[in-house]
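Here are my notes on this one, as numbered points. Have a look at the model first, then read on.

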Amino acid sequence: MGKRWIGIDLGGTSMKLGMVDHKGKTLMEMEKPTLAEEGADSVIGRIISHARELAEATETRWEDVAGVGVGLPGFLDIKNGVVKHMTNLGWNDEVPIRARLEEAWGIPVKIDNDANVAALGEAWCGAGVGVDDVVCITLGTGVGGGLIFDGQLIHGQYGFAGEVGHMTIDPQGHPCNCGMRGCLETISSATGMVRLAKEAIASGRKTVLADVPSINTKEIFAAAAAQDEVALHVKEKAIDALAQAMSTLSVLLNPARFIIGGGVSHAGDALIQPLREAYAKRTQRNARQGVEIVLAQLGNRAGYIGAAGLLARGKK
Ligand SMILES: [Zn+2]
């Protein structure tokens, strides 16, 4: 039997675990509740036992598990394997999670943030296959990102590299959760697009969205397809902000491919086609030469696949 790795994608409400081989192929996946309200010790205990359950369920002897990668939605000291804080799980104190997991399991463990592991998953086994230099952008409740160059994740000093959602688009714009104003996330995330639609409704502009009880991006794209002016405006603004960020990223980093994922990307061609056009208009000719803009392929499996990839890539 070839070696196997476990990837874990820890979220605020659930954790996804997968057993993968050296090519990132999933042998089995599991989803379990995080139960964050029970505290850090309890969550770590569940991570430890669910990984062992996954090994049993795939008839993998524990000594044949070569390592475990964990993606975490927090501020991390990646090199030392420490969670500095993880607000949406209520972890406000430092937790040396890597040491605790390695002690329990007796095998190598690596951690990274959730956006980075999702980007690595796509780069390794999804929409990034075939190129070495990719930028992943996830358009969901917020805007996340990951940079992979020469096949390696770029972390920067404290792992903040790739936080494309906090590139400033409009310094006078709407306040962002990060404390700044007018970040990409305030315009091009699902939350941002819904807010822009609601602002237009509140200002009295006519739109079919005014009759929708709880607006989401699916409805905004549908209304835009039907030429609703407010929906078209919101969509154009979101796409233009994203294209502006991608233009800057191209001049700085010159990726071969942008991979667009997250809930908003379910709009598919209705998002990608106008995004390609806006990007082409905004981006310097040499910086955009041969650049592809594509949809993510792995959905919510990207996180655990990439987490496993922290250790498994390039191994046999
Ligand atoms: Zn921000």
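1. Along the chain, the donors of the zinc ion are spaced H-x9-C-x1-C-x4-C. Keep in mind that this is a predicted model. The protein donors are His166 through ND1, and Cys176, Cys178 and Cys183 through SG, at 2.0 to 2.3 Å from the zinc ion.

2. What arrangement do the 4 donor atoms around the zinc ion make? The angles they subtend run from 107 to 119°, so the arrangement comes out as tetrahedral.

3. The cysteines among the donors are worth checking for exposure. Cysteine 183 is buried, at 0% relative accessible area, and cysteine 176 also counts as buried, at 9%. Cysteine 178 is partly exposed instead, with a relative accessible area of 39%.

4. If you were going to look for disulfides, I can save you the trouble: a search of the whole structure turns up 0.

5. On to the charged pairs. The count of salt bridges is 11. One of them joins lysine 16 and glutamate 29, with 3.8 Å between the closest N and O atoms. That pair links distant parts of the chain, 13 residues apart: lysine 16 sits in strand β2 (residues 14-20) and glutamate 29 in strand β3 (residues 26-33). Buried or exposed? Lysine 16 is buried, with a relative accessible area of 10%, while glutamate 29 is partly exposed at 35%.

6. Arginine 100 and aspartate 41 form another salt bridge, their closest N and O atoms being 3.0 Å apart. Arginine 100 belongs to helix α2 (residues 97-105) and aspartate 41 to helix α1 (residues 40-57), so this pair ties together parts that are 59 residues apart in sequence. On the surface side of things, arginine 100 is partly exposed, with a relative accessible area of 31%, and aspartate 41 counts as exposed at 54% relative accessibility.

7. Glutamate 94 and lysine 84 also meet through their side chains, in a salt bridge of 2.9 Å, N to O. Here glutamate 94 lies in the loop between β6 (82-85) and α2, and lysine 84 lies in strand β6, so the pair ties together parts that are 10 residues apart in sequence. Glutamate 94 is exposed, with a relative accessible area of 53%; lysine 84 is partly exposed, at 29%.

8. Finally, which residues do shared salt-bridge partners join into one network? They are Lys16, Glu29, Glu31 and Arg301, so have the pair from point 5 in view when you look at this one, since lysine 16, one of its members, is buried at 10% relative accessible area.

Definitions and conventions
Residues numbered from 1 in each chain as written. Predicted model: local features only at pLDDT ≥ 70, side-chain atom pairs only at ≥ 80, totals over all residues. Heavy atoms only, no water. Disulfide = S-S within 2.5 Å. Buried < 20%, exposed > 50% of the residue type's maximum accessible area, 1.4 Å probe, protein only. Donors = N, O, S within 2.8 Å, 3.2 Å for Na, K, Ca; no water. Tetrahedral: all angles 85-135°; square planar, octahedral: opposite > 155°, others 65-115°. Salt bridge = Lys/Arg side-chain N within 4 Å of Asp/Glu carboxyl O. Helix = DSSP H or I, 4+ residues; strand = E, 2+ residues; numbered from the N terminus.
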